[in-house]
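Good morning, colleagues. I would ask you to look at the sequence and the structure together while I speak.

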Amino acid sequence: MTASEALRQLLQPVLAGWRFQFGRWIDSGKSDRYAVLKPMGGPLAGLVRQPAFSLVLIGSGTDPVMAPENKAQDVIERLLDESGSLVFAQPGEPVYWATDDGRPVAEITINTIINR
(Lines give C-alpha, C1' and ligand atoms only; values in the text may rest on other atoms or scores of the structure.)
Protein backbone atom coordinates (compact mmCIF):
# COMPACT_ATOMS: atom_id res chain seq x y z
CA MET A 1 0.00 0.00 0.00
CA THR A 2 1.35 3.43 -0.89
CA ALA A 3 1.34 6.38 1.52
CA SER A 4 -1.38 8.12 -0.50
CA GLU A 5 -3.59 5.02 -0.37
CA ALA A 6 -3.01 4.64 3.37
CA LEU A 7 -3.76 8.31 3.97
CA ARG A 8 -6.95 8.19 1.88
CA GLN A 9 -8.11 5.08 3.75
CA LEU A 10 -7.39 6.75 7.10
CA LEU A 11 -9.11 10.05 6.25
CA GLN A 12 -12.20 8.95 4.33
CA PRO A 13 -14.30 8.15 7.45
CA VAL A 14 -13.53 11.61 8.89
CA LEU A 15 -14.42 13.25 5.58
CA ALA A 16 -17.85 11.65 5.13
CA GLY A 17 -20.04 14.13 3.25
CA TRP A 18 -17.06 15.69 1.47
CA ARG A 19 -16.26 14.72 -2.16
CA PHE A 20 -12.81 13.14 -1.89
CA GLN A 21 -10.51 13.83 -4.86
CA PHE A 22 -6.85 13.07 -5.47
CA GLY A 23 -4.31 15.21 -7.28
CA ARG A 24 -6.48 18.13 -8.34
CA TRP A 25 -9.78 19.78 -7.63
CA ILE A 26 -12.54 19.23 -10.17
CA ASP A 27 -15.41 21.56 -9.30
CA SER A 28 -18.96 20.49 -10.04
CA GLY A 29 -20.78 23.28 -8.28
CA LYS A 30 -20.96 25.45 -5.20
CA SER A 31 -23.33 23.07 -3.40
CA ASP A 32 -20.66 20.39 -2.78
CA ARG A 33 -17.84 20.21 -0.26
CA TYR A 34 -14.48 18.90 -1.47
CA ALA A 35 -11.47 17.27 0.14
CA VAL A 36 -8.53 17.24 -2.27
CA LEU A 37 -5.38 15.30 -1.36
CA LYS A 38 -2.37 16.46 -3.39
CA PRO A 39 1.07 14.83 -3.28
CA MET A 40 3.94 17.27 -2.69
CA GLY A 41 6.97 14.97 -2.97
CA GLY A 42 9.24 14.28 -0.02
CA PRO A 43 12.59 12.63 0.63
CA LEU A 44 13.43 9.00 -0.13
CA ALA A 45 15.99 7.34 2.13
CA GLY A 46 16.56 3.67 1.33
CA LEU A 47 13.52 1.67 2.38
CA VAL A 48 11.97 4.52 4.37
CA ARG A 49 9.99 7.06 2.39
CA GLN A 50 8.77 10.42 3.70
CA PRO A 51 6.08 11.60 1.29
CA ALA A 52 4.38 14.93 1.94
CA PHE A 53 0.83 15.91 1.01
CA SER A 54 -1.47 18.88 1.00
CA LEU A 55 -5.09 18.34 2.00
CA VAL A 56 -7.35 21.12 0.72
CA LEU A 57 -10.83 21.31 2.27
CA ILE A 58 -13.20 23.44 0.19
CA GLY A 59 -16.54 24.37 1.70
CA SER A 60 -19.79 24.76 -0.18
CA GLY A 61 -21.15 28.13 -1.18
CA THR A 62 -23.50 28.17 1.82
CA ASP A 63 -20.98 27.01 4.45
CA PRO A 64 -19.91 29.36 7.21
CA VAL A 65 -16.33 30.57 6.97
CA MET A 66 -15.21 28.20 9.76
CA ALA A 67 -16.65 24.97 8.24
CA PRO A 68 -13.44 23.86 6.45
CA GLU A 69 -11.26 24.85 9.40
CA ASN A 70 -13.49 22.89 11.80
CA LYS A 71 -13.20 19.85 9.53
CA ALA A 72 -9.43 20.42 9.38
CA GLN A 73 -9.33 20.13 13.17
CA ASP A 74 -11.20 16.79 12.92
CA VAL A 75 -8.60 15.58 10.39
CA ILE A 76 -5.74 16.70 12.63
CA GLU A 77 -7.26 14.87 15.62
CA ARG A 78 -7.61 11.71 13.53
CA LEU A 79 -3.99 11.90 12.37
CA LEU A 80 -2.73 12.49 15.90
CA ASP A 81 -4.83 9.59 17.28
CA GLU A 82 -4.02 7.00 14.64
CA SER A 83 -1.75 6.67 11.64
CA GLY A 84 -3.23 3.51 10.09
CA SER A 85 -0.62 1.66 8.02
CA LEU A 86 1.64 4.70 7.96
CA VAL A 87 4.53 4.64 10.41
CA PHE A 88 4.01 8.34 11.12
CA ALA A 89 1.68 11.15 10.02
CA GLN A 90 2.24 14.76 11.12
CA PRO A 91 -0.31 17.44 10.21
CA GLY A 92 0.59 21.10 9.98
CA GLU A 93 -1.58 24.03 11.02
CA PRO A 94 -4.55 24.75 8.74
CA VAL A 95 -4.21 27.81 6.54
CA TYR A 96 -7.38 29.68 5.56
CA TRP A 97 -8.00 31.10 2.11
CA ALA A 98 -11.00 31.46 -0.18
CA THR A 99 -11.81 30.40 -3.73
CA ASP A 100 -12.40 33.04 -6.42
CA ASP A 101 -16.14 32.73 -5.84
CA GLY A 102 -15.80 33.16 -2.07
CA ARG A 103 -16.04 29.58 -0.77
CA PRO A 104 -14.05 29.02 2.43
CA VAL A 105 -10.98 26.78 2.23
CA ALA A 106 -8.63 25.27 4.82
CA GLU A 107 -5.37 23.69 3.65
CA ILE A 108 -3.24 21.35 5.78
CA THR A 109 0.20 19.96 5.03
CA ILE A 110 0.70 16.34 6.07
CA ASN A 111 4.15 14.79 6.35
CA THR A 112 4.28 11.02 6.53
CA ILE A 113 6.75 8.17 6.94
CA ILE A 114 6.08 4.76 5.42
CA ASN A 115 8.19 1.61 5.18
CA ARG A 116 8.22 -0.27 1.88
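**Selected contacts in a predicted model**

The side chain of T112 places a polar atom 2.7 Å from the backbone oxygen of P51. Please bear in mind that this is a predicted model. T112 belongs to strand 8. Is T112 buried or exposed? Its relative accessibility is 2%, so T112 counts as buried, the cut-off being under 20%. Leaving out residues up to four places away in sequence, T112 touches A3, L7, R49, Q50, P51, F53, L86, F88 and A89.

Strand 8 (104-115) brings me to helix 2, since the buried residues of helix 2 pack against it. They also pack against helix 1 (3-11), strand 5 (52-58) and strand 6 (88-91). Which residues of helix 2 are the buried ones? They are A67, P68, K71, A72, V75, I76 and L79. As for the dimensions of the helix, residues 67-81 make up its 15 residues, and at 1.5 Å a residue they should span 21 Å. The C-alpha atoms at the two ends are 21 Å apart, which agrees with that expectation.

I turn next to the loop between strand 5 and helix 2, where we find both D63 and M66. D63 is buried, with a relative accessible area of 12%. M66, by contrast, has a relative accessible area of 43% and is therefore partly exposed. Together with V65 and Y96, M66 forms a nonpolar patch on the surface, and the accessible area of these residues together is about 290 Å².

What does the side chain of D63 meet? One polar contact, of 2.6 Å, joins it to the side chain of R33. In addition, a polar atom of the D63 side chain lies 2.9 Å from the backbone nitrogen of S60. Setting aside neighbours within four places in sequence, D63 is in contact with R33 and P104.

Finally, let us consider R33 itself. R33 sits in the loop between strand 1 (19-22) and strand 2 (34-41). With a relative accessible area of 31%, R33 is partly exposed, whereas its partner D63 is buried. Beyond its neighbours within four places in sequence, R33 is in contact with G17, W18, R19, I58, G59, S60 and D63. S60 therefore appears in two places: in contact with R33, and through its backbone nitrogen beside the side chain of D63. R33 and F20 are 13 residues apart in sequence, and their C-alpha atoms are 8.8 Å apart in space.

Thank you for your attention.

Note on methods:
Residues numbered from 1 in each chain as written. Predicted model: local features only at pLDDT ≥ 70, side-chain atom pairs only at ≥ 80, totals over all residues. Heavy atoms only, no water. Helix = DSSP H or I, 4+ residues; strand = E, 2+ residues; numbered from the N terminus. Buried < 20%, exposed > 50% of the residue type's maximum accessible area, 1.4 Å probe, protein only. Contact = heavy atoms within 4.5 Å. Expected span 1.5 Å × (residues − 1). Polar contact = N/O pair within 3.5 Å; in protein donor to acceptor, adjacent residues only side chain to side chain. Patch = residues over 30% accessible without salt bridge, like charges linked within 9 Å, V, L, I, M, F, W, Y side chains within 5 Å. Areas by Shrake-Rupley, 256 points an atom, 1.4 Å probe, with all protein chains shown as cover. Salt bridge = Lys/Arg side-chain N within 4 Å of Asp/Glu carboxyl O.
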